Amino acid sequence: MSNPVHQICDIIRRERSFLILTHYRPDGDAVGSQLALVLMLKKIGKRVAAWNDDAVPTKFHFLPGASLIRNPPAKPQKFDVVISIDSSNWQRVGTAAEKIASRKHLINIDHHVSNDRFGDINWIVPSSPASGQIAFDLIRRGGFPLTRDIATCLFAAISTDTGSFSYANTTAECLHVAAQLVGTGLNVGKISHHVYESYPYARLHLLRLVLADLKLADRKRIAYYWITKEMFEESRAKREDTEGVIDYARSIDGVVVAILFEELNEPGKIRISLRSKNAKVDANAIARVFGGGGHREAAGARIPGRPSEVERRVLRAVRAEIRAAGI
């Protein structure tokens, strides 16, 4: 079987028009990886579009090219190549999938262990801490340009998915890649300011409401809380403001699994985020019980049902995983 990297590089050199997609409700890795590919392709003279059902989160507006990410158009369009990055399945690109009139190649680049390999060409690297690192590898191995703007997007991608290089997925290779990106002259302080020190007051209001709801279970090995529709209304926070909220439950000493339940605007749908602090407890395995997925340390799902019912089912699944791990 041909090396997917070589195949992707050949296609990039040969074809003319590209669409770059990532998952809805994009996080830093999704936005940064998507923009890095867009800027690189434009730099080598390709025609490029970037779509997402959801707007770029406010704190990532500073990233070069952020305005290039648009909502899918009303009329379907044709492309030579569609590249999905950081999306574990095709459904997660949202309505963008319906607006592709035709394409020659569908390339799937991702680092989620739960990826279902939906592309014609699949380059899946579960050991990579971020899709941004895979995008960097593509650029380097293909001999494509790495400008300061592209490096800025990649650094933001890798930084956010490693918890600013503090999570267990931070490897020597990851730090080496980050050093090479910094070597392009990007401003680390500026990136950190926008990503970690520019939250709106509404997010802090939301956080106060959420923390007041914090509960512990299973001999304090599980920490969980809810974000309800009423909390969004009272705080006037946006959905994007929930990013990182789960880390407060995760940070509690003795907690093995943190859970964030979020009421969605879709009637009867609950979004869950899971974080595991113990290598023996697989968050991805728990999420897959509910049709979701992700990584061993971090995963999520969208579950239909009443809030109380969903909470009960999820807690039961988490307890079972902890018991199975022998903790």
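Which handedness does the β-α-β unit of strand 1, helix 2 and strand 2 have? I looked this up before anything else and found that strand 1, helix 2 (residues 28-43) and strand 2 make a right-handed unit, where right-handed means that, with the strands pointing away from the viewer, the path from the first strand over the helix to the second runs clockwise. Helices (H or I, at least four residues) and strands (E, at least two) are DSSP runs, numbered from the N terminus.

I noted that this is a predicted model, in which local features need pLDDT of at least 70 and side-chain atom pairs count only at pLDDT 80 or more, while totals for chains, interfaces and linings use all residues. Residues are numbered from 1 along each chain as its sequence is written, and side-chain values use heavy atoms, with hydrogens and water left out.

Next I followed the pairing of strand 1, counting two strands as paired if DSSP finds at least two bridges between them. Strand 1 runs parallel to strand 2 (residues 47-51), with 5 bridges joining them, and Ile20 has Ala50 as its bridge partner there. Strand 1 also pairs in the parallel sense with strand 5 (residues 81-85) over 4 bridges, where I found Leu21 opposite Ser84.

I then checked how covered strand 1 (residues 17-21) is, and 5 of its 5 residues are buried, that is, under 20% relative accessible area, against over 50% for exposed and in between for partly exposed (1.4 Å probe, protein chains only). Ser17, Leu19 and Leu21 point one way, and Phe18 and Ile20 the other way.
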